[in-house]
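The following exercises are to be worked with the sequence and the structure side by side. Each task is followed by a solution in steps.

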Amino acid sequence: MDTYYNNTFWIVYQEENCSNCIHSMIVCNEDLIKNKFGNVLNNNEIIQVKFSGHLKEICKKTFAPADYTYQRIILTSIEKQ
């Protein structure tokens, strides 16, 4: 992935029965995450979450295997598991 999205929060989902099926979602409304997980985010900790939102394509396409996806997400809810 290019460096355009390096300073943003990502949610990455790997399908249960497919080790190569990885979906990366770049969070557009970061305030929702900062309000709920501010103390965790400063540690660069990886946490399990349950979330919902609206997906959009990224502007700059990236070259990746067919079973990898990159999208932007506007979160409607997020909870720590």
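Accessible areas are obtained with the Shrake-Rupley method and a 1.4 Å probe, and for residues only the protein chains shown count as cover. The model is a predicted one, in which local features need pLDDT of at least 70 and side-chain atom pairs count only at pLDDT 80 or more, while totals for chains, interfaces and linings use all residues. Residues are numbered from 1 along each chain as its sequence is written, and side-chain values use heavy atoms, with hydrogens and water left out.

**Exercise 1. Surface and overall dimensions**

Task: State the accessible surface of the chain, and compare its radius of gyration with that of a compact globule.

Solution.
Step 1. The accessible surface of the chain is about 6,000 Å², and carbon and sulfur atoms account for 47% of that area.
Step 2. The radius of gyration is taken over C-alpha atoms, and the globule rule is 2.2 Å times the number of residues to the power 0.38.
Step 3. For 81 residues a compact globule would have a radius near 12 Å; the chain has 13 Å, which agrees.
Step 4. Along the principal axes, the C-alpha atoms fill a box of roughly 35 × 30 × 25 Å.
Step 5. Residues are called buried under 20% relative accessible area, exposed over 50% and partly exposed in between (1.4 Å probe, protein chains only). Of the 81 residues, 22% are buried.

**Exercise 2. Secondary structure and strand pairing**

Task: Give the order of helices and strands along the chain, and describe how S4 pairs with S2 and with S3.

Solution.
Step 1. Helices (H or I, at least four residues) and strands (E, at least two) are DSSP runs numbered from the N terminus. The chain has 1 helix and 4 strands, arranged as β-β-α-β-β along the sequence.
Step 2. Two strands pair if DSSP finds at least two bridges between them. Strand S2 (residues 22-27) runs parallel to strand S4 (residues 68-80), and 6 bridges join them.
Step 3. Strand S3 (residues 49-57) pairs with S4 in the antiparallel sense, over 9 bridges.
Step 4. As examples of bridge partners in S4, Ser24 has Tyr70 and His54 has Ile74.

**Exercise 3. Environments of individual residues**

Task: Classify Ser24, Lys56 and Ser77 as buried, partly exposed or exposed, and list what each touches.

Solution.
Step 1. Contact means heavy atoms within 4.5 Å.
Step 2. Ser24, in strand S2, counts as buried because its relative accessibility is 6%. Not counting residues up to four places away in sequence, Ser24 touches Trp10, Ile11, Val12, Thr69, Tyr70 and Gln71. Its bridge partner Tyr70 is thus also listed among its contacts.
Step 3. Lys56, in strand S3, has 47% relative accessibility and counts as partly exposed. With residues up to four places away in sequence not counted, Lys56 touches Gln71, Arg72 and Ile74.
Step 4. Ser77, in strand S4, is partly exposed at 30% relative accessibility. Leaving aside neighbours within four places in sequence, Ser77 is in contact with Leu32, Lys50, Phe51 and Ser52.

**Exercise 4. Sequence separation and spatial separation**

Task: Set sequence separation beside C-alpha to C-alpha distance for Pro65 and Cys21, Ser77 and Asn43, and Asp31 and Val12.

Solution.
Step 1. Pro65 lies in the loop between S3 and S4 and, at 46% relative accessibility, is partly exposed. Pro65 and Cys21 are 44 residues apart in sequence and 9.2 Å apart in space.
Step 2. Ser77 and Asn43 are separated by 34 residues in sequence and by 22 Å in space.
Step 3. Asp31 belongs to helix H1 (residues 30-41) and counts as exposed at 54% relative accessibility. Asp31 and Val12 are 19 residues apart in sequence and 18 Å apart in space.
Step 4. For the whole chain, among contacts between residues at least 6 apart in sequence, 55% join residues at least 24 apart.
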